[in-house]
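Student: I should like a close look at one part of this protein, namely the way its strands are arranged. Please explain it step by step, and add whatever helps to place that part in the whole.

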Amino acid sequence: MRREEIDTVRVLWQEMPGEFTATLAFAVGARDEDVDQLGITHLVTRHLLLSLLAEPDGTAGLLETAFTLSGEPTRVAEDLTDLAALVAAPDLGGLVLTAQQLDAADRAITLDLDVDDAVRDPWASLLARRLGPTGPGLLRWPAVDAHRFTADEVRAHLARWFTAGNAVLTCTGPPPAGLRLPLPAGPRAAHATSPAGSPTGPAWYADEVVAPGIAVTATAGPQAFLLLRVLGIRVDALLERAGVKAWSTEWSTPVGGDRLELGLSLHLRGRNRQRDSGVAARILWQELLRLAAEEPAPAELAAVVTRHTRSPAEDPRLRAGLQRLGVLAAAEQAHAQAPLADAAHRELFAVYDEFGESQVAAAARLGPADVRAAAASWLSSALLVVPVGVDIALDGVTRTGCPVGSFTPQGELLRPSLARRLRGAKDSLVLGDDACHHVAADGTVHSFPMGDVMLVQRRGETLLGNIRHGCLVDVSGFTGVDKLVTRVPPRRHRIAHD
């Protein structure tokens, strides 16, 4: 792999077969946004793309924003130069048009969220609960309506994050002659660190999620890689054995320093989701507990490393599946370019959300005792989420929840509609001047200060959120609930399009 600099931008390149491809990546993503600016990086990306004659492929993810161009090297160089010049001196006259064309439904896709329902996704809930309205804790909330962003906000966002020192260019061949990257000068970005929670022992809570999930606060490195892979494989096998129709998604989310939120979220199918959630939650906990108590077999670890390093062409089942989807060639190309992408990530980030080849290589040198020790040291930080209405009893796991009280403040009483009461609801809402209060059937009061509130409307339902608690309460079917729209701050009323 070769290294160069063009206009102070780091450039990594390696001769590879196939079409010439260049990717200009910036170390900025959704974790760097503010709760009232969620989606601004995505808007910036789309606006820059739509301002070019030859539209490249662009993604605005959790950690990075990248523009990928392929084709004849001279043309790619011209487009890259135009893109960099546009970043340095953006023409924001068409920003309103871009906002109109922006498809809010694709935010979960561009963030690489493997979810059907981002608002109710268990991993998004776990991050919001653990981290509050900072960093990856923001992923639960829908984007701000793009029409609300101003040209000054977009210009400031570009100036802060889209700089030469915060960028890296990778190429699958020598950088074309004449390529210029006239980006604004600026250092490598410093990202906000999400607050580290104090482990209070393994805990669980109920939330408006579609299925259970589990997270631990871990240290980045090969132990995290092995633990996550072994846990995922075991959980999938046990879910199938228990007759639970589900699949799991593995997550490794950087939260600052060398810390990760590491874990699994589940996705259930079929009609028995309430029953299956209880079974699945027990499997998640018991397998994590078993990894902390018993060393995994050496063969398990070897299989994990082999599976990660094998190309799609070497895995018959994976190859067949990719062929059916018509994406085998793209998958093989991505695998071949993985070392180049991994090198770029090391240039931009201290810790990335994917495990690179260096961590996999280090994992091959670890033994079962290393994995058990890591699981044992992280066990006290374990946090499980289950859907509302699911009650679980797990040895060594205590129930936690949002702070609640017993005093109901003054305000306008919003009662459940007949349809809500027929579903068994016995709760109420009290709409005050500076807060909304949810009064549960047992009389406990959960308050949502207007400064912390998030109102999400989607698919005919209304969800009331507290960004500091990271929670959601379904308040659909209360008489007068639409009054909340006029009470919450304008940017805190979100329409979800997932």
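Tutor: Two strands are said to pair if DSSP finds at least two bridges between them. Please keep in mind that the model is predicted.

Let us apply the definition to strand 8 (residues 213-219) and strand 11 (residues 383-387). Three bridges join these two strands, and they run antiparallel. One bridge can be followed residue by residue: alanine 215 has leucine 383 in strand 11 as its bridge partner. On the sheet to which these strands belong packs helix 7 (residues 222-241), in contact with strand 8, strand 9 and strand 10 (259-268). The direction of helix 7 makes about 15° with that of strand 10.

The sheet itself is open and has six strands with mixed pairing, in the order 9-10-8-11-7-12. Strand 9 (246-256) and strand 12 (398-399) are its edge strands, each pairing on one side only.

An open sheet of six strands is also found with the order 1-2-6-3-5-4, and here too the pairing is mixed. At its edges stand strand 1 and strand 4 (57-60); each has a single partner strand, so one side of each lacks a neighbour in the sheet. On average, neighbouring strands of this sheet are turned by 20° against each other, with direction ignored.

Strand 1 and strand 2 run antiparallel and are joined by five bridges. Within this pair, glutamate 4 has valine 11 of strand 2 as its bridge partner. Helix 1 packs on the sheet and touches strand 4 and strand 5 (65-70), its direction making about 170° with that of strand 4. Helix 2 (residues 73-88) lies across strand 3, strand 5 and strand 6 (167-171), and runs at about 155° to strand 5.

The loop between strand 1 (2-6) and strand 2 (9-13) deserves attention. It holds aspartate 7 and threonine 8. Most residues other than glycine have a negative phi. In aspartate 7, however, phi is positive, near 55°, and in threonine 8 phi is also positive, near 70°. Aspartate 7 has a relative accessible area of 32% and is therefore partly exposed, whereas threonine 8 counts as exposed because its relative accessibility is 53%, exposed being over 50%.

A contrast is offered by leucine 38, which lies in the loop between strand 3 (21-26) and helix 1 (40-50). Leucine 38 is buried because its relative accessible area is 0%, the limit for buried being under 20%. The C-alpha atom of leucine 38 is separated by 7.5 Å from that of proline 142, although the two residues are 104 residues apart along the chain.

Finally, strands also contribute to a pocket. The second largest pocket has a volume of about 990 Å³. It is lined by 30 residues, and those closest to its centre are Val388, Arg399, His438, Ala440 and Val473. Two or more lining residues come from each of strand 7 (203-207) and strand 19 (471-474). Strand 19 gives the largest share, four residues. By class, this lining comprises 12 nonpolar, seven polar and 11 charged residues.

How values were computed
Residues are numbered from 1 along each chain as its sequence is written. This is a predicted model: local features need pLDDT of at least 70, side-chain atom pairs count only at pLDDT 80 or more; totals for chains, interfaces and linings use all residues. Side-chain values use heavy atoms; hydrogens and water are left out. On a 1 Å grid over the protein atoms alone, a cavity is a set of points where a 1.4 Å probe fits but cannot get out, and a pocket is an open set with protein on both sides within 12 Å along at least five of seven lines; lining residues have an atom within 4 Å of a point. Grid points are joined across faces, edges and corners, and a volume is the space filled by probe spheres set on the points. Ala, Val, Leu, Ile, Met, Phe, Trp, Tyr, Cys and Pro count as nonpolar, Asp, Glu, Lys and Arg as charged, and the others, Gly among them, as polar. Buried means under 20% relative accessible area, exposed over 50%, partly exposed in between (1.4 Å probe, protein chains only). Axes are lines fitted to C-alpha atoms, for helices over the stretch in contact, and angles run from 0 to 180 degrees between N-to-C directions. Contact means heavy atoms within 4.5 Å.
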